[in-house]
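Dear colleague,

Please find below the structure that I am handing over to you, followed by an account of what was found in it. I should be grateful if you would read the two side by side.

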Amino acid sequence: MTVGGGAVTITGLGMITPAGYGREATWHGVLGGVSTAATDQILKGLPVDFSCRVPPAAAGQGRIGGGKAWRMGRFAQLAVLAAREAVADAGLDPASWEGPRVGVVIGSSLAGAAHLEDQTTRFLQMGPDLVSPLLIPMLGSNMAAGEVLLDLGARGPSLATESACASGASAVGVARDLLLSGACDIVLAGGTDAPITPVITSAFQRLGTLSSRVEDPSGASQPFARDRDGFVMSEGAAVLVLERADDALARGRKGYARLTGVGMTSDAHHPTSPAPDGAAAEAALRTALAQAGLTPADVDHVNAHGTSTPLNDQIEAGLIARVLPHGPSVTSAKGVLGHSLGAAPAIEAALTALSIEQGTVPPVANLTPETLGFPLQCVTAAPKRQSIRVAVSHSFGFGGHNVVLVLQAP
Amino acid sequence: VSSVNEALLSLLIGQFEVPESEITPDTTLADLGLDSLALAGLALELREELGVLVEQEEANKDTTVRELLETLTAKTAAA
């Protein structure tokens, strides 16, 4: 099986992010280049008390319906909403599709940990009788896929991918393989996370990964800036509809982009620190390009992992400068959206597909040519018009998981 | 009695999104669309709202709204 002989197409996108409900709201928010970070009441009194949150739902937004929202973890709710949007965007009808041929692969880094935190508090304060039996379905990382497949009647292969902050990209990679192996005909692939809680935020803060700019939350996430000091906690979900390219064409869908290469490697270096030489991350990039039958010189655009942590951005910038010295445009959505852990790679894959379709690269928030700390062609201040034939999306996770996706114009 | 009635209605309509028009004294919880997970959730919410422990057999799929209200009324009176 070669990818060249069987590319898959991204035919639908759904997103819920701090920039808003839906693909359009997210795209426009990211194009605006203004951070969504703000002081967060739930984090009041903590050393880091700000985050990027999905805004409160307006009328008609964010509704699960059918009396089912109460039983779903927040990460699962976000995934269900994103999946519905993606399926509608792809022009698919769950009432009439062949359910057994539809797969669901959705990753999450911390899944329902927020609910475990709530229920642990109840257990300690009120005892075992007041622990919710719903904790179990709200906790497990599989339940984003579980609720999506139930909501849409998808009866093919389903699973969660777990690779921390690469989870959503791993899901896209696994989805591609399910399609090319013939296991199913349509896959809803994505990532979701809702990790903004006092305990989890405290742990990330103590790990030294969060920006501590409490006096200026909206200026805190500064991917690739010289003075960056960490990432900003975020939440969200994205789901992509993937189909084999010939199937999509057969029903008249050109799609946003084709996924032509997936590189997956592992650092085997440290539980939470990326390997300083970036060698495994580089191998992921090179593998993905080779799979697509491309060379590094073919890359027009990089949607970077770009977390705004000192170490990630340094190693990633080194990787881009080393492998792609011709200077493709670079962006990171985390300046606007913060870091939504396992959701981020799916959101960024969706944004990369939109960049290809729209011929537009969003700017990095909180970055200027003067503050840029690396010799990269980062887009700043305003969106850049660019015809993109080949783009790569980088995702790197705690655990040493590296995933690079190659997307090409359809 | 009215507070028990209100608490149950508010849970069924609010949390479980049951249309108010479907709720009659003789409707069973299954008829209202409550499955096993929903029944477990309902029992927990009633315990929090009213401070009464509802046993599994007192709020199962075949229990009617009238029966559940009688149980809740008796338990809150005894509490």
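**Interface of chain A and chain B**

Across the interface of chain A and chain B, 3 salt bridges are found. Please bear in mind throughout that this is a predicted model. In one salt bridge, B:E17 is paired with A:R63, and the closest N and O atoms of the two are 2.8 Å apart. As a general point, side chains of opposite charge can pair when their charged atoms come close.

The interface also holds 3 residue pairs in polar contact, with both residues at pLDDT 80 or more. On the side of chain A that touches chain B, the residues divide by class into 6 nonpolar, 4 polar and 5 charged. In total, chain A brings 15 residues to the contact and chain B brings 11 residues. The area buried between the two chains is about 1,000 Å², and carbon and sulfur atoms account for 63% of it.

**Salt bridges in the whole structure**

When the search is extended to the whole structure, 23 salt bridges are found over all chains. One that merits your attention is formed by A:E235 and A:R74, whose closest N and O atoms are 2.9 Å apart. A:R74 belongs to helix α2 (residues 74-89) of chain A, whereas A:E235 sits in the loop between α7 and β8 (236-244) of that chain, so the pair ties together parts that are 161 residues apart in sequence.

**Pockets**

I turn next to the open spaces. The largest pocket has a volume of about 460 Å³. Its lining is made up of 29 residues, and those nearest its centre are A:T272, A:P274, A:T309, A:N312 and A:F398. Three elements of chain A, namely α7 (198-207), α10 (310-323) and β15 (390-397), each give two or more residues to this lining. The largest share comes from α10(A), with 6 residues. By class, the lining of the largest pocket comprises 13 nonpolar, 14 polar and 2 charged residues.

The second largest pocket holds about 340 Å³ of space. It is lined by 16 residues, of which B:L39, B:A40, B:A43, B:V54 and B:Q56 are the closest to its centre. Here the lining divides into 10 nonpolar, 3 polar and 3 charged residues.

**Enclosed space**

Rolling a probe the size of a water molecule over the atoms shows where empty space is left. How many cavities of 30 Å³ or more does the structure contain? The count comes to 1. The space in the largest cavity is about 30 Å³. Its lining consists of A:K334, A:L337, A:G338, A:S340, A:A344, A:I347 and A:E348. Two or more of the lining residues come from each of α11 (334-337) and α12 (344-358) of chain A. The largest share, 3 residues, is given by α12(A). By class, the lining of this cavity has 3 nonpolar, 2 polar and 2 charged residues.

For your own inspection, I would suggest starting with the pair B:E17 and A:R63, which form a salt bridge, and then turning to the residues nearest the centre of the largest pocket, among them A:N312 and A:F398.

With kind regards

Technical notes. Residues are numbered from 1 along each chain as its sequence is written. Chains are lettered from A and ligands numbered from 1 in the order in which they are written. This is a predicted model: local features need pLDDT of at least 70, side-chain atom pairs count only at pLDDT 80 or more; totals for chains, interfaces and linings use all residues. Side-chain values use heavy atoms; hydrogens and water are left out. Contact means heavy atoms within 4.5 Å. Buried area is the accessible area (1.4 Å probe) that two parts lose on being put together, summed over both. A salt bridge is a side-chain nitrogen of Lys or Arg within 4 Å of a carboxyl oxygen of Asp or Glu. A polar contact is a pair of N or O atoms within 3.5 Å; within protein, one must be able to donate a hydrogen and the other to accept it, and residues adjacent in sequence count only if both atoms are side-chain atoms. Ala, Val, Leu, Ile, Met, Phe, Trp, Tyr, Cys and Pro count as nonpolar, Asp, Glu, Lys and Arg as charged, and the others, Gly among them, as polar. On a 1 Å grid over the protein atoms alone, a cavity is a set of points where a 1.4 Å probe fits but cannot get out, and a pocket is an open set with protein on both sides within 12 Å along at least five of seven lines; lining residues have an atom within 4 Å of a point. Grid points are joined across faces, edges and corners, and a volume is the space filled by probe spheres set on the points. Helices (H or I, at least four residues) and strands (E, at least two) are DSSP runs, numbered from the N terminus.
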